[in-house]
Amino acid sequence: MALQTVSSIGVLSLAKMMAVLYAFIGLFFGAIMSLVALLGVAGSAAAGGDSGGGLMGMLFGVGAIIIFPIFYGCLGFVGGLIMAPLYNLVARIVGGIELELS
């Protein structure tokens, strides 16, 4: 099996891939934050807390599932736009990543 070298990466291709991957990571963290917020609301209600804090906790929990994937996806896209040209520059100097393909 021959080794192939990745000498260049498409900038928009990497940016799109990273945006989608980071959006999934944001969805995961948003789900965790939502669960934490809902547990906080349940704990507040059990302790006899005011209902205004509970409503804010629920809105924050639901909002985290929407906001986190968008925020992480945007950060991933920008990160891909920055990292692809840097990889291409470094790959010219040191030779790139070797992959064994079958």
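## The overall layout

Walk along the sequence and the protein chain follows the pattern β-α-α-β. That gives 2 helices and 2 strands in the protein chain. Keep in mind that this is a predicted model.

How much of the chain is buried? Buried residues make up 21% of the 102 residues in the protein chain. As for the outside, the protein chain exposes about 7,000 Å², and carbon and sulfur atoms supply 78% of that area.

Now for who touches whom. Take the contacts in the protein chain with a separation of 6 or more: 90% of them are between residues 24 or more positions apart.

## Where helix α2 meets the start of the chain

Asn88 is a good place to begin looking around, and you'll find it in helix α2, which covers residues 51-94. Is Asn88 buried or exposed? Asn88 is buried, because its relative accessible area is 11% and the buried label applies under 20%.

Which residues does Asn88 touch, once you skip those up to four places away in sequence? They are Ser7, Ser8 and Ile9. With Ser8 there is also a polar contact, made side chain to side chain at 3.5 Å.

Leu89 lies in helix α2 too. At 45% relative accessibility, Leu89 counts as partly exposed, because partly exposed runs between the 20% and 50% cut-offs. Ser8 turns up again here: 81 residues separate Leu89 and Ser8 along the chain, yet their C-alpha atoms are 8.6 Å apart.

## A group of aromatic rings

How many aromatic pairs are there? The count comes to 4 aromatic pairs. One of them joins Phe68 and Tyr72, and this pair is stacked, with 6.2 Å centre to centre and 20° between the planes. Both residues lie in helix α2, 4 residues apart, or about one turn of the helix.

Tyr72 has a second partner: Phe71 and Tyr72 form an edge-to-face pair, with 6.2 Å centre to centre and 75° between the planes. The labels differ because planes under 30 degrees apart count as stacked, while those over 60 count as edge-to-face. Tyr72 counts as partly exposed, since its relative accessibility is 23%.

Zoom out a little and you get one aromatic cluster, formed by Phe28, Phe29, Phe68, Phe71 and Tyr72.

## A nonpolar patch on the surface

Phe71 shows up once more on the outside. It belongs to a nonpolar patch on the surface, together with Val20, Phe24, Leu27, Val62, Ile65, Ile66, Ile67, Ile70 and Leu75. Put together, these patch residues have about 970 Å² of accessible area.

Where do the patch residues come from? Helix α1, residues 11-46, and helix α2 each supply at least two of them. The largest share, 7 residues, comes from α2.

Ile70 is one of the patch members, and you can find Ile70 in helix α2. Why does Ile70 count as exposed? Its relative accessibility is 52%, and exposed means over 50%.

Technical notes. Residues are numbered from 1 along each chain as its sequence is written. This is a predicted model: local features need pLDDT of at least 70, side-chain atom pairs count only at pLDDT 80 or more; totals for chains, interfaces and linings use all residues. Side-chain values use heavy atoms; hydrogens and water are left out. Buried means under 20% relative accessible area, exposed over 50%, partly exposed in between (1.4 Å probe, protein chains only). A polar contact is a pair of N or O atoms within 3.5 Å; within protein, one must be able to donate a hydrogen and the other to accept it, and residues adjacent in sequence count only if both atoms are side-chain atoms. Contact means heavy atoms within 4.5 Å. Accessible areas come from the Shrake-Rupley method with a 1.4 Å probe; for residues, only the protein chains shown count as cover. Rings of Phe, Tyr and Trp (its six-membered ring) pair if their centres lie within 6.5 Å; planes under 30 degrees apart count as stacked, over 60 as edge-to-face and the rest as tilted. Patches are made of residues with over 30% relative accessible area and no salt bridge: like charges are joined within 9 Å, nonpolar side chains (Val, Leu, Ile, Met, Phe, Trp, Tyr) within 5 Å. A salt bridge is a side-chain nitrogen of Lys or Arg within 4 Å of a carboxyl oxygen of Asp or Glu.
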